[in-house]
Amino acid sequence: MYGRVTKYFRDKKFGFIQGDDGNTYFVHHSNLNGEYIERGYYVFFKPYVNDRSDFNARGVIVIEAPERKNSNGKKYK
């Protein structure tokens with residue numbers, strides 16, 4: 001499934017992805033497989049169910065990452 005990262009708390013190691021199906025999926029850093037994500041990234045993921053929630057994401061792959069800018073408005077490379 002595809003979706004967009006709506007929040008990611010690097011210090012807490014979890015975040016949320018708004019799936020193309022309209023549901024919000026919880027993602028833990030252990031399910032990122034080394035991928036780096038931030039708010040606004042468009043990703044592919046595999047939804048799964050666990051005992052805490054029906055909407056979880058794993059196997060996250062970044063499809064599109066918006067360009068990041070520093071405090072001066074210049075783009076990072």
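These legends go with close-up views of a predicted model.

**View 1. The whole chain, an all-strand affair with five strands and zero helices.** Walking from the N terminus, you meet the elements in the order β-β-β-β-β. The chain has 77 residues, and 26% of them count as buried. Its accessible surface comes to about 5,400 Å², with 47% belonging to carbon and sulfur atoms. Take the contacts between residues at least 6 apart in sequence: 42% of these join residues at least 24 apart.

**View 2. Asn-56, a buried residue in strand β5.** The strand covers residues 56-64. Asn-56 has a relative accessible area of just 2%, so it falls under the 20% cut-off for buried. Its side chain reaches the backbone oxygen of Ser-53 at 2.9 Å. Setting aside neighbours within four places in sequence, Asn-56 touches a list of residues including Tyr-25, Phe-26, Pro-47 and Tyr-48.

**View 3. A phenylalanine cluster: Phe-9, Phe-14, Phe-16 and Phe-26, linked by ring pairs.** The count of aromatic pairs comes to nine. In one of them, Phe-9 and Phe-14 have ring centres 5.4 Å apart and planes at 50°, so this pair is tilted. Phe-14 also pairs with Phe-16, with centres 6.0 Å apart and planes at 90°, so that one is edge-to-face. As for accessibility, Phe-9 is partly exposed at 32%, Phe-14 is partly exposed at 22%, and Phe-16 is partly exposed at 25%.

**View 4. Charges over rings, with Lys-12 at Phe-9 and Arg-58 at Tyr-48.** Lys-12 lies over the face of Phe-9, 5.6 Å from the ring centre. Arg-58 does likewise over Tyr-48, at 4.4 Å from the ring centre.

Key
Residues are numbered from 1 along each chain as its sequence is written. This is a predicted model: local features need pLDDT of at least 70, side-chain atom pairs count only at pLDDT 80 or more; totals for chains, interfaces and linings use all residues. Side-chain values use heavy atoms; hydrogens and water are left out. Helices (H or I, at least four residues) and strands (E, at least two) are DSSP runs, numbered from the N terminus. Buried means under 20% relative accessible area, exposed over 50%, partly exposed in between (1.4 Å probe, protein chains only). A polar contact is a pair of N or O atoms within 3.5 Å; within protein, one must be able to donate a hydrogen and the other to accept it, and residues adjacent in sequence count only if both atoms are side-chain atoms. Contact means heavy atoms within 4.5 Å. Accessible areas come from the Shrake-Rupley method with a 1.4 Å probe; for residues, only the protein chains shown count as cover. Rings of Phe, Tyr and Trp (its six-membered ring) pair if their centres lie within 6.5 Å; planes under 30 degrees apart count as stacked, over 60 as edge-to-face and the rest as tilted. A charge sits over a ring if NZ of Lys or CZ of Arg is within 6 Å of the ring centre and within 35 degrees of the ring normal.
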